[in-house]
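Please open the model in your viewer and keep the selection tool at hand, since each stop below begins with something to select.

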Amino acid sequence: MNLLRRIDRDAERWLLLIFYVMLVITMAIEVLRREIFSYSSIWGEEVVRYSFIYLAWIGAAAAVKERAHIRIDVIMHYIPPRAKALLYIFGDLVMFVVAVIALYWSYEAVHVSAKFGSVTDGLRISKVWFLMAVPTGFGLMIWRLLQSFARDFKSLRDGTPVFEGDKLFD
């Protein structure tokens, strides 16, 4: 159980680190190869592109977990805790509906790619592995939104302040 809690707490952080390091190292190698040896590989650009795509979608899920997505929250400073919790629940509910619809349609793209056996141009491996970034991101978002619902309903029930995430500017 401790392992599952740790994965739940740190999964996005570790995945983001892995994809970021992969992106930076591959990009550095490709820049050196191009500038020093006047040679570049086709696979380097693909690794960087797909690492960036995974970074974006996993980062979006991490932002849902920390309530770090951009929002206009001026009204939140002037309403009581109960109304604030209800507004956060409503916002998460809208995001949940969008994420479920997007998960369905993004999985459809993966299914079509698998059905027709499309492969990447340089690496010549199945595009399914890279197209899975979108449903993976939306799946993680849905999981984090379910956790957010539980946390917000608990705050609503107990009358405690709702989790608002870290403030960028105060």
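A residue is called exposed here when its relative accessible area is over 50%, and buried when that area is under 20%, with partly exposed in between. Bear in mind throughout that this is a predicted model.

Select Arg157 and Asp158 to begin: Arg157 is exposed because its relative accessible area is 63%, whereas Asp158, at 39%, counts as partly exposed, and their side chains meet in a salt bridge with N and O 3.3 Å apart.

Next select helix H1, residues 2-37, whose end C-alpha atoms are 49 Å apart, in agreement with the 52 Å that its 36 residues should span. Stop at Asp10, where H1 bends by about 60 degrees, and then add Arg6, Arg9 and Arg13, which are linked with Asp10 in a network of salt bridges. Asp10 is also one of the buried residues of H1, a list that includes Phe19, Leu23 and Glu30; displaying helices H2 (42-66) and H5 (133-158) shows part of what covers these buried residues. Further along H1, Glu30 is buried at 6% relative accessibility and forms a salt bridge with Arg33, with the closest N and O atoms 3.3 Å apart. Just after H1 comes Ser38, where phi is positive, near 50 degrees.

Finally, select Lys84 in helix H3 (residues 81-116), which is buried because its relative accessible area is 14%. A polar atom of the Lys84 side chain lies 3.1 Å from the backbone oxygen of Met76, and, leaving aside neighbours within four places in sequence, Lys84 is in contact with Met76, Ile79, Val162 and Glu164.

Key:
Residues numbered from 1 in each chain as written. Predicted model: local features only at pLDDT ≥ 70, side-chain atom pairs only at ≥ 80, totals over all residues. Heavy atoms only, no water. Helix = DSSP H or I, 4+ residues; strand = E, 2+ residues; numbered from the N terminus. Expected span 1.5 Å × (residues − 1). Bend = angle between axes of the 7 residues up to and from the residue. Buried < 20%, exposed > 50% of the residue type's maximum accessible area, 1.4 Å probe, protein only. Contact = heavy atoms within 4.5 Å. Polar contact = N/O pair within 3.5 Å; in protein donor to acceptor, adjacent residues only side chain to side chain. Salt bridge = Lys/Arg side-chain N within 4 Å of Asp/Glu carboxyl O.
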